[in-house]
Amino acid sequence: MNELENTATAASHHLYPLISDLGLILMTAGVAILLFKKIKQPLVLGYLIAGFLAGPYFTLFPSVKDVQNVEVWAEIGVIILLFSLGLEFSFKKLMKVGGTASITALVQIFSMVFLGYWCGQLMGWSSMDSIFLGVILSISSTTIILRAFDELGVKGQKFAGIVFGALIVEDIVAILMMVLLSTIAVSQQFSGMELFESVLKLLFFLILWFVGGIFFIPTLLKKAKNLLSDETLLIVSLALCLMMVILATMAGFSPALGAFIMGSIIAETTKAERIEHLVKPVKDLFGAVFFVSVGMLINPSTLAEYAVPVIVITLLTVFGKTLSSTIGTLISGQPLKQSVQTGMSLAQIGEFSFIIATLGMTLGVTSNFLYPIVVAVSAISTFTTPFMIKLSIPVANMLERRLPKKWTKAIDSYSSSSQTIKATSNWVLFLRSSILQIIIYSVIIIAIILLSSRVVLPLVNGFQWANVAVAVLTLLFISPFLWALSFRKVAPTAYEELKKERKFLGPIKIVNIIRILFTLFFIGLLLNSFFSNFIAFTALVIFAVAYMVFPKRLQTLYDRIENRFMQNLNDRENTEASKSKRELSPWDAHMTTFEISAESNIVGKPLHQLELREKIGINIAAIKRGNITINVPNRNEQIYPNDILYVIGTDRQIEKFKTYLQQSFVAVPENNAETVLKNFELKNEDFIGKTIRESQLREKTDGLVVGIEREGRRMMNPESHVVLERDDIIWIVGDKKKMNSITLNAS
């Protein structure tokens with residue numbers, strides 16, 4: 001009994017610092033949220049300052065008792081943060097990022113890695129400190145940029161699209177560099193071969209996890225959809241995240257990589273938005289813990305000692321990232337103004353920089369002074385970011401005036417020629433698709449062979465004929481992919497066009513032979529993993545003959561696998577497109593929101609004076625003004641600054657309206673909760689033969705007639721003098737309750 005009591009007492013003493021430290025962290029984080037929301041500053045900065053005040057170096061307030069406990073919470077915070085980043089990321093977004101954003105990001109990353117390393121060496125730092133500094137300075141802050149764009153109302157401008165694309169590329173490069181830094185830190189040397197092997201290993205697992213994850217996880221979520229309440233879905237999604245964290249750790253990668261990969265896989269499913277919504281409170285909680293823990297490691301004496309490096313690195317960050325990003329955007333073919341705007345928007349470091357700095361500390365390869373310096377530079381660049389974005393246009397205008405005329409003409413000429421659409425040749429399409437196919441199928445086949453030989457075979461090794469049974473089963477599993485690697489048509493349209501030109505027949509045959517040789521190699525690798533060389537060679541000949549005899553069955557099996565994968569990959573996109581079309585559009589029209597800036601040319605004017613329906617063809621379905629929503633505004637309603645207009649029109653009409661506004665901020669399309677779009681078939685004699693104005697449909701529904709379908713003909717946004725006829729299908733946007741109360745389809 002005494003032993004039990006002693007154990008319980010010891011456990012309570014062990015538990016108390018953990019709970020008290022967590023309580024202190026959350027209390028300081030809560031105060032920081034309230035204060036920094038009040039003064040309209042980034043919450044990340046508030047968390048850092050709160051952590052500093054609650055840390056061991058500041059004695060005026062209560063401090064944490066056990067820093068190691070905080071580090072555990074912080075590591076969990078990193079995992080949840082990167083899982084959430086993955087949910088917002090999606091590999092398909094990366095595939096859609098244009099060349100402009102990719103070139104901008106890569107030029108900026110390589111430039112800042114070099115400048116950071118060079119700066120560290122000039123200050124007498126070690127090679128590891130200098131390398132980590134370069135990588136830390138190369139990654140911009142998504143959180144800070146998004147907040148600044150929201151505040152300044154520039155989210156829809158073209159340069160903002162380039163910035164968002166560059167941030168996506170930076171995120172994936174940051175993950176890659178974390179793996180490379182881990183390799184360098186462990187080996188303590190800069191072997192080119194080791195880095196090359198690490199990159200190959202990373203690419204292998206990325207492809208394997210992504211292909212396997214897309215094939216299995218969306219299917220799992222769809223099969224279990226009737227069982228997935230909010231509670232269950234949250235637990236399942238976090239379980240999947242931690243499962244991938246375990247797999248990544250077993251493969252020798254950081255836990256953060258596994259969390260990011262699982263998030264990006266789930267981002268392709270139809271449940272992504274719901275999971276993102278459910279995970280957000282968890283992310284906010286552990287994100288606060290992480291950033292507060294970052295602030296706790298700020299040592300004031302270290303900052304005072306390294307004040308000069310802080311100033312130097314801050315200047316290098318602001319001006320180096322501005323210059324390198326601007327040059328990268330210019331190289332990609334953008335005009336000077338957009339290039340300067342892009343460059344000055346990316347001039348800061350943020351959350352990924354903290355994670356990379358934490359990695360250096362965890363591995364014990366960076367000096368103690370690096371971490372607080374990085375935090376200080378991040379805090380300063382956070383404050384400068386909004387001012388840099390505001391100053392970008394004046395700076396661009398000044399450069400246009402000051403630069404030599406021949407320079408500006410050369411930039412304009414290069415920009416115009418770069419933005420001309422260049423057709424990709426059929427040979428490039430065929431070759432690129434062939435290489436991609438070889439890589440993907442090779443990864444899948446090698447993974448299945450390794451799984452069989454190193455995991456399955458040891459489990460059944462004591463049984464008779466175990467080698468033969470496992471080898472045959474493995475061959476059956478990889479046979480559809482062997483067939484696809486050998487015979488599946490690649491880029492069929494380009495392939496057929498190339499076959500018509502005699503000069504390409506030879507190269508096509510060489511590519512096809514290479515694919516078949518890869519197939520034979522993998523069959524040999526499989527057999528050699530289970531049998532002796534002689535048995536492997538004999539079986540190879542037999543399997544090769546059998547493989548050639550049953551191509552149709554293998555093709556059918558592979559097509560089923562590929563169809564499942566493609567369906568899962570495109571399911572979210574197709575569902576959203578279908579939902580948007582069903583909910584927002586009578587035909588090709590849709591509802592979009594526009595926020596009106598104070599400088600817009602329509603501010604202060606009533607709707608009837610603007611004549612938007614007559615000039616452009618769009619309708620204003622509602623106006624949101626602060627907390628008030630004006631459903632179906634009348635013709636005398638005036639437009640005020642910061643009004644949000646709910647506009648209905650076709651893509652072409654919406655584009656015309658955007659140009660007309662001279663203000664390109666466009667928020668994500670959404671439906672108004674009170675205003676709905678509904679159709680009626682006209683049967684009621686009270687309305688037949690009357691014009692739209694005479695029918696008083698506007699007054700009865702608080703709505704607008706946005707479309708009429710008559711004998712197969714469609715009229716979008718009809719004029720008020722149009723006469724209604726029997727059997728017309730009328731589309732009305734208006735108040736839901738009032739539309740339900742009228743009857744158009746009864747005599």
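Helix α12 spans residues 272-296 and holds 25 residues. From its first C-alpha to its last, helix α12 reaches 34 Å. That is close to the 36 Å expected at 1.5 Å a residue. The helix is nevertheless bent: α12 turns by about 40° at V279. A proline, P281, follows within four residues of that position. These values, like those below, come from a predicted model.

The wider setting of α12 is a protein of 747 residues. Its secondary structure comes to 30 helices and eight strands. Buried residues make up 47% of the protein. The accessible surface comes to about 37,900 Å². Carbon and sulfur atoms account for 63% of that surface. Contacts often span long stretches of the chain. Among contacts between residues at least 6 apart in sequence, 80% join residues at least 24 apart.

Two salt bridges were counted in the model. Side chains of opposite charge can pair when their charged atoms come close. In one bridge, D230 pairs with R274, and the closest N and O atoms are 3.0 Å apart. This pair links distant parts of the chain, with D230 in helix α10 (residues 230-250) and R274 in helix α12. The two residues are 44 residues apart. D230 has a relative accessibility of 43% and therefore counts as partly exposed. R274 is also partly exposed, because its relative accessible area is 30%.

The other bridge joins the side chains of D284 and K280, again at 3.0 Å from N to O. Both residues belong to helix α12. D284 and K280 are four residues apart in that helix, so about one helical turn separates them. D284 counts as partly exposed because its relative accessibility is 36%. K280 has a relative accessible area of 44%, so K280 is partly exposed too.

Helix α6 presents a covered element. This helix runs over residues 127-137 and includes F132. Ten of the eleven residues of α6 are buried. The buried set consists of M128, D129, S130, I131, F132, L133, G134, V135, I136 and L137. F132 has a relative accessible area of 0%. The residue is therefore buried, as the limit is under 20%. Beyond residues up to four places away in sequence, F132 touches L181, I356, L359, G360, V365, T366 and L370. The C-alpha atoms of F132 and M178 are separated by 9.7 Å. Along the chain, F132 and M178 are 46 residues apart.

F369 lies in a loop, between α16 (351-363) and α17 (370-402). F369 counts as buried because its relative accessibility is 12%. With neighbours within four places in sequence left aside, F369 is in contact with W125, D129, T302 and Y306. One of these partners, D129, is among the buried residues of α6. F369 and N299 are 70 residues apart along the chain. Their C-alpha atoms are separated by 8.4 Å.

The surface also carries a nonpolar patch of about 440 Å². The patch is made by I103, L323, I327, I331 and Y414. Helix α14 (residues 307-331) supplies its largest share, three residues. I327 is found in this helix. With a relative accessible area of 39%, I327 is partly exposed, because the range for that class lies between under 20% and over 50%.

Another partly exposed isoleucine is I435, in helix α19 (residues 426-460). I435 is placed in that class because its relative accessibility is 45%. I435 and V490 are 55 residues apart in sequence. In space, I435 and V490 are 9.8 Å apart, C-alpha to C-alpha.

How values were computed:
Residues are numbered from 1 along each chain as its sequence is written. Side-chain values use heavy atoms; hydrogens and water are left out. Patches are made of residues with over 30% relative accessible area and no salt bridge: like charges are joined within 9 Å, nonpolar side chains (Val, Leu, Ile, Met, Phe, Trp, Tyr) within 5 Å. Accessible areas come from the Shrake-Rupley method with a 1.4 Å probe; for residues, only the protein chains shown count as cover. A salt bridge is a side-chain nitrogen of Lys or Arg within 4 Å of a carboxyl oxygen of Asp or Glu. Buried means under 20% relative accessible area, exposed over 50%, partly exposed in between (1.4 Å probe, protein chains only). The expected span of a helix is 1.5 Å times one less than its number of residues. The bend at a residue is the angle between axes fitted to the seven residues ending there and the seven starting there. Contact means heavy atoms within 4.5 Å.
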